[in-house]
Every structure is written in C-alpha cells, then in structure tokens.
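Please read the following account alongside the sequence and the coordinates, taking the salt bridges before the pocket.

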Amino acid sequence: MMVDRTLAQVGRNLSDAMRILGDGQREPEAGAERWRLSRASIPGPLQGDGQDVATILHLVHNLIHDEEEEEDKPSQHRMQNVGEQGHMALLGHSLAAYISVLDRERLRKLTTRILSDTTLWLCRLFRYENGSAYFHEDDRDGLVKVCRLVINARYEEYASEGYAVLSSKQPVIYQSASGRPGLGQHLCSQLGLPLSSLCTVPCNTIFGSQHQMDVALLDTLIKEDIEAGKLPLLLIVNAGTPGAGHTDKLARLKDVCDQYNMWLHVEGVNLATLALAQVTSAIMAATRSDSMTLTPGQWLGLPAVTAVTLYRHEDPALSLAAGLTCSQPVARLRALPLWLSLQYLGHNGIVQKIRHATALSQQLLQKLKAMTSIKTSVEDELSSPVVLFKFSQETSAASSGGSVEGYCAGDKEVLDAFNRWLGEQLVQLVPSSGVDVVELEDEGTCVRFSPLLTAAVLGTQQENIEELAEKLAQLLPVMCSTMCLRQDFREETHRHSPSLTYIQDLSWPGLGAVRYEPQTEGMDESRKKQELEKINTELLKKLQDLDTDIVFSTGPEFGTEEHCVFVGMVTEDVDVSELVETVAALGRDIEESGRLLENMTEVVRKGILEAEQQLQLANEEKLMEEGMLRQLPLVGSVLNWFSPFQSSIKGRTFNLAAGSLDSTEVTYSTKAQTGRPSQQETPTSSSKKLPGQRLFRRSGAGSESFSETSSIGQAEEPTAGGRSTPSGSVHPPACPPAAEEDAQPTDDVAAEESPEFSLQVHTPVEEEVTSEERQPEGQEAEPSGT
C-alpha cells in the first residue's frame with residue numbers, strides 16, 4: 001500500500017510526542033540541563049538558538065505536571081484516558097494542518113468528502129434523517145448560528161435592514177428553568193438582543209418531574225407575548241438536563257412549536273441513547289426537532305473533537321448567511337478528527353461505548369437501592385443514563401435509632417454539607433468512577449453519576465462501580481453516627497459553658513465546632529482577641545496530637561468562624577461527653593500554663609528586688625558585727641587569723657514554686673536543698689490507656705467495668721488556683737472490651753502511687769537529715785523538693 005511520506009512522518013511524530021508526554025522520560029545530562037534552563041526562562045525572551053523537538057516536548061510535559069512537582073505529591077485531578085481512538089482524533093488535528101497546504105481544487109474535493117461522510121454517519125447513527133451538520137468548537141456556538149438562521153427566516157428584511165426590523169416585533173427565545181446556566185444570556189449577547197427577549201419557563205410544580213418544563217405554562221406565556229406584539233422565535237428544550245438528567249416532554253413541546261410556528265432546538269446528554277437499538281419514546285421524539293446539538297467527543301472519549309449541531313432547513317442561502325455553512329474549505333477541516341475517529345470505532349464500536357455507559361448506570365442504581373441511608377433520584381429506573389443519589393436524613397435517623405428531635409432547624413443545610421463531603425470523598429477514593437457534586441434547587445446537594453459524560457473519558461469499568469459501592473457503604477455508617485451525635489455534642493458543650501461555646505456552622509460536615517473561652521476580665525478587646533486566638537490555636541494542636549481517629553481542624557477554608565476547633569466525622573462508639581471533657585480540660589491546662597508564665601515574670605521580679613534588699617541589710621549587719629578593722633584588706637586578714645569571727649548572717653535561696661526567699665541555713669546544715677513543702681500537687685493521670693482501644697471510644701462487652709474504673713481517673717483534683725482539673729480527661733482511660741480483670745486493679749495502683757508522691761514532696765527536714773546520715777560518706781542526698 002502506497003503511503004505519502006509526509007503522512008507517515010506525521011504519524012510517527014505524533015506517536016513520539018504521545019510517548020514523551022505520556023511517560024515523561026527526560027534526556028540525561030545535557031538534555032536535562034537544557035530543559036531546566038528553558039523552564040526557568042518562562043516567561044521570558046525567546047532564546048537565540050533553536051531547540052529540537054524532544055526538548056520542546058519535555059518542556060511541555062513538565063509544564064503540564066509543574067503543579068505536581070511543586071507540591072511533591074501526585075495530582076488528584078482526573079486525567080482523560082486517551083486510547084487508540086483518542087490518538088486518531090489527535091492525528092486528525094495534525095493532518096488538518098498538512099491537508100490545508102494542498103492545492104485549492106484537491107482541498108475542496110477532500111473537505112467536501114470529509115464533511116459529507118461525517119454528516120451522513122451522524123444523521124444515520126442518531127436517527128436524524130435529511131439533516132445537515134455544523135461543526136463547532138464551543139458547544140453553544142451551534143445554537144447561536146441556529147438563532148441567526150431563524151431570525152433570517154422569520155424577518156425577511158433582516159438581511160438588508162438589520163436590527164431595525166426587530167423593533168416592529170421583538171423576538172422571544174424560550175428556555176427551561178432547568179437548562180444550562182448562562183445559556184440564554186450568552187445567546188442575547190452574541191445576537192445583540194436585549195435580555196427582555198429571553199423568557200425562562202418554570203418547571204412542573206405539582207404533576208410530573210420537577211426538572212421538566214411546564215408545557216401548560218409555556219402555552220400561556222406564548223399567548224401573552226403574542227398579545228403584547230412580540231414574536232415567539234425559538235424554544236430550547238433538554239433531553240437530559242445538566243443537573244438531574246431529566247428529559248422534557250418533547251412530543252408535546254413539538255406540537256406547541258408547530259402551533260405557533262416556532263423553532264425547536266434540543267440538547268442534552270440523553271441524545272446519545274438514540275444510537276442504541278432500543279430507545280424510549282421520550283427520547284425518540286427528539287428526532288422530530290428542527291435542530292439538536294451533539295457532543296460525541298464526551299460520549300466516545302475523543303479529545304479535542306468538535307461538537308455537532310444537526311439541523312433541517314431547505315434554503316442554503318439562509319444557512320450560509322447564518323454561518324452554518326462555510327465556503328472556505330479550510331474551515332471544513334474541523335470535521336477531520338471526528339471523521340477519523342468514527343471510522344476507527346465503526347458503528348458497532350460507537351454503540352458499544354454508549355451501551356456500556358448506560359449499563360454502568362443501571363449497575364450503580366441496583367447497588368444504591370440496597371443501601372438504606374441513600375435516596376436515589378432517576379427519571380426512569382429502567383433506562384435513565386444519569387443517576388442522582390444523596391445521604392438521606394430520614395432513613396439515617398430510622399436506621400441508626402436516633403431521634404428526629406435531635407436535628408436542628410437547618411436540616412437542609414446540614415444534609416447539603418454532608419452530601420458535599422460525601423461526593424468529595426468518593427471523588428478522591430474512586431477517581432475513575434466519574435462522580436461529581438451538583439447543587440439542585442429542590443433536592444439540594446446530590447452526587448451525580450453520568451457515565452455518558454465520563455465513562456469513555458476516564459475508562460470507567462464495572463469493577464470501578466463495585467469499588468464505588470464498597471467505599472460508599474464504608475462512609476455511610478460514619479455519616480449516620482455523626483448526624484445522630486451532633487445534638488449530643490451540642491448539649492455536652494452547653495454543659496461546659498461558659499468555658500466552652502458551641503459554634504453553629506451548618507455548612508460543616510462533621511460533629512460540630514467548639515470554642516474555648518478563656519477568662520478575659522480586665523482585658524481590652526485587642527488583648528481578648530489575641531488571648532482567644534492563642535489558646536484555641538494551641539488547643540487545636542494538642543487535639544491533633546492525640547492518638548485518635550477523629551479529625552480536628554480549623555474548619556472550611558472560606559468559613560466565617562474564627563478561633564475555634566472543628567470536629568470531623570465520628571463513629572458510633574465515640575463517647576461525646578469524654579470528648580467534650582477532654583477539650584475543656586486541655587483548654588484549662590493551656591490557659592493556666594499561660595497564666596503561670598505570665599505570673600512567673602512578676603514573681604521573679606519581686607523576688608529579685610526582695611533579695612537585693614535583704615542582701616543590703618545583711619551587709620550592713622555584717623559591718624556592724626565585724627567592725628571597721630576587719631574590713632581593711634591587710635589588717636582584716638591578720639585579725640581574722642588571730643581571732644576568727646563566726647558570722648550570724650545566713651544566705652538566701654529563691655523558691656520559684658512558692659515565690660519566696662528561704663534561708664540557706666538548712667541547706668548548709670544538711671548539705672541538701674529541701675525547700676518548703678510544695679503548695680501545689682501536680683495532677684497525675686491515674687487513668688491509663690489500655691492496648692486495643694483508642695481515645696474517646698466506648699468499650700463494648702466491658703463497658704460496665706470500664707465506666708467504674710474510669711470514674712477514678714476522671715476524679716477532680718484541686719490546684720493551686722482553686723480551680724479543679726479532671727486529671728483523667730486530658731488522657732482518657734481506655735479499656736478493651738474483655739479487659740474487666742485487667743482494669744480492676746486501677747484503684748490500687750492509684751492508691752499506692754499517691755502516698756509515695758506526697759512523701760516525696762512533704763518530707764520534713766528532720767527526716768531528710770536522718771536519710772542523709774545513712775548515705776555513704778562524701779555523697780550528697782538528692783534534692784527532694786526540686
């Protein structure tokens with residue numbers, strides 16, 4: 001077979017480029033250095049010396065993955081699966097540049113053949129007989145050209161008079177309220193029409209789907225516009241709304257358009273099912289429309305392939321005036337990538353991809369029906385290619401045994417936050433599934449699965465749906481338990497008021513938010529804010545360092561609440577009271593530690609002043625006792641040698657714990673610094689975390705013994721400031737389910753440790769002297785008061 005050398009070279013260059021961009025292998029040494037310098041110079045002036053193709057492709061590869069390398073982690077963005085059919089589409093762009101340099105006559109014949117073949121294949125594939133095709137990059141551009149065609153057809157003098165003829169009868173374009181956001185505004189902007197020419201028709205409110213256009217209301221609006229002297233021009237309907245994937249009543253809407261001589265345009269993802277052998281009557285009615293917009297690139301996984309608008313019109317002059325046809329052969333080459341890809345896939349391959357996508361929807365729908373806490377929303381359970389699902393409040397409350405009274409007034413906002421979190425988690429855990437999060441007016445936040453838009457691009461298979469169902473089943477119990485425990489967390493936080501404040505944030509998908517309120521009496525506003533921020537920041541760090549599965553964070557990135565701790569999702573065995581007690585105890589410890597440091601500065605300063613005064617008095621007393629002669633350098637030494645003098649002046653030692661000056665007489669007599677008895681007992685944590693159980697977890701079988709022994713660990717011990725600190729709340733006790741025997745001796749251990757500690761702190765001086773005599777000669781006793 002004879003093949004043009006240039007065509008073969010184009011194919012080889014594309015294969016090399018895809019290989020370099022795919023695996024990212026860099027040339028060693030000099031090549032890598034050139035790549036580094038080239039990357040560093042962007043943006044910058046063009047280099048004087050040219051670079052080879054491989055170096056440029058390496059540069060492109062690293063610019064694509066620049067963000068991943070800077071963050072030193074793999075990208076979480078879903079990448080398109082470029083298969084062989086994708087390579088054909090990319091090859092089409094390269095061939096288009098080569099074909100454009102052919103002579104004009106050969107270029108005209110080739111582009112005509114490409115355009116005719118592609119139009120014929122698409123019309124037969126999607127059951128649109130006697131249609132023409134317009135290929136466009138922006139999927140909205142086809143509708144803009146169709147509107148111009150209708151304006152030229154309905155206003156005969158538009159070609160000569162222009163927009164002046166529109167003043168006699170203002171054109172009106174009708175669209176559904178569930179249509180693409182911003183589509184109508186884009187049409188008015190491109191056509192130069194005022195926004196008053198756009199009429200949004202509401203959806204059904206009583207009968208039928210709430211995502212379908214209200215046909216009766218549309219008829220009423222059209223009659224009102226006609227009576228007002230306006231011209232109904234065009235109606236935009238959906239065969240698969242962007243959000244829920246529902247299809248309007250196309251047959252009835254087509255009858256309305258025929259009645260008022262209006263143009264009917266259909267768009268939506270469900271149009272892809274027209275290629276299947278069995279098509280529902282609701283979708284089959286789209287073949288009667290005047291035009292429809294298809295996106296085969298998304299449905300078949302073809303990168304950089306144009307969208308197609310199929311339309312029926314008998315006047316080629318008006319089509320040329322509207323821009324639907326072009327006399328320039330180069331413009332027709334936009335169909336070349338699609339022409340190549342359709343031939344590569346064939347009719348059976350195209351149908352198989354669409355059938356595979358619809359089968360994935362049915363597979364996921366069957367999995368979701370078996371989950372009690374999931375509520376699904378589909379238009380047709382037997383054939384709907386789009387599946388919506390969300391975490392349901394009613395089913396979760398019933399299945400978890402929670403009370404409906406526990407839910408706050410903002411049920412919808414809380415559920416929206418939980419479903420938003422659910423969708424984000426599923427995207428991260430199963431990126432190849434293609435699920436995303438949508439915001440709907442009636443249903444709220446939902447997770448959408450639309451495999452016609454994602455399956456071919458991401459390469460979604462049945463095993464991915466199985467994995468998606470497994471991950472969803474793992475997340476649902478956590479969401480149910482968190483939803484049921486939110487009210488308990490709120491009540492427990494209120495019990496610890498005013499030290500803890502519950503933060504009402506309905507957009508937080510977790511247990512809730514809490515803020516520790518320190519005592520700020522006598523502080524100005526700026527000092528209060530600094531103290532609040534400092535304590536809560538340190539509290540968050542300490543909570544994050546605990547050995548627990550609960551996630552503590554600063555909350556949403558763009559949240560309104562500041563200086564508080566947000567608690568994430570929790571399991572059903574979490575002890576909320578213990579969790580809140582731990583937060584309060586940690587906050588008190590941080591506040592008291594901060595005050596101790598602040599008071600330490602004042603104590604040390606006063607102690608130094610007092611020491612200076614006592615030293616000055618001691619020097620004066622020494623002068624009075626020894627006399628003037630002993631102060632003379634030479635005379636004093638001789639006098640002290642003949643008649644030694646025993647001074648009664650004693651030294652001083654500063655006790656930081658007591659904040660006082662003590663005499664060193666006892667220190668010198670016992671050769672050990674004893675100090676005063678400590679006025680503060682260091683709280684000890686008698687509750688020990690046993691193996692097999694993490695913090696804030698309730699035990700199962702041994703719950704009774706666990707509650708009995710943990711009560712001792714959480715007993716309040718007095719502190720120097722008069723406030724009580726639960727010693728066991730900072731490090732809560734843990735006990736495995738079958739550890740009743742091991743947990744019982746906790747009381748004895750605590751009782752044995754306490755006397756030993758008090759003996760070490762409160763030992764009198766006489767007992768220390770006796771203990772010092774028992775030690776070997778020359779070895780000093782260890783200081784017990786330090």
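For relative accessible area, buried means under 20%, exposed means over 50%, and partly exposed is what lies in between. The model to which these classes are applied here is a predicted one.

With those cut-offs in hand, consider helix H10, residues 215-227, in which Lys-223 and Asp-219 stand 4 residues apart and are therefore separated by about one helical turn. Lys-223 forms a salt bridge with Asp-219, and the closest N and O atoms of the pair are 3.3 Å apart. The two partners fall into separate accessibility classes: Lys-223 has a relative accessibility of 42% and so counts as partly exposed, whereas Asp-219, at 17%, counts as buried.

A second pair of this kind is found in helix H19, which covers residues 462-495, where Glu-492 and Arg-495 are 3 residues apart and so are again separated by about one helical turn. Between Glu-492 and Arg-495 there is a salt bridge whose closest N and O atoms are 2.6 Å apart. Here Glu-492 is the buried partner, with a relative accessible area of 16%, while Arg-495, at 56% relative accessibility, counts as exposed.

Salt bridges that share partners also occur, and they join Asp-139, Arg-180 and Glu-267 into one network. Another bridge links Glu-581 with Arg-588, with 3.6 Å between the closest N and O atoms, and in this pair both Glu-581 and Arg-588 are buried. Taken over the model, the count of salt bridges comes to 19.

Arg-180, a member of the network with Asp-139 and Glu-267, leads on to the second largest pocket, which has a volume of about 1000 Å³. This pocket is lined by 44 residues, of which Arg-180, Gly-240, Thr-241, Pro-242 and Gly-243 are the closest to its centre. The elements that give two or more residues to the lining are helix H13 (296-300), strand S10 (436-440) and helix H18 (451-458). Of the contributions to this lining, that of H13 is the most, with 4 residues.

What is the division of the lining residues into nonpolar, polar and charged? The lining of the second largest pocket holds 18 nonpolar and 18 polar residues, together with 8 charged ones. Arg-180 thus appears in two parts of this account, as one of the residues closest to the centre of the pocket and as a member of the salt-bridge network with Asp-139 and Glu-267.

How values were computed. Residues numbered from 1 in each chain as written. Predicted model: local features only at pLDDT ≥ 70, side-chain atom pairs only at ≥ 80, totals over all residues. Heavy atoms only, no water. 1 Å grid on protein atoms, 1.4 Å probe; cavity = no way out; pocket = protein on both sides within 12 Å on 5 of 7 lines; lining within 4 Å. Points joined across faces, edges and corners; volume = space filled by probe spheres on them. Nonpolar A, V, L, I, M, F, W, Y, C, P; charged D, E, K, R; others polar. Salt bridge = Lys/Arg side-chain N within 4 Å of Asp/Glu carboxyl O. Buried < 20%, exposed > 50% of the residue type's maximum accessible area, 1.4 Å probe, protein only.
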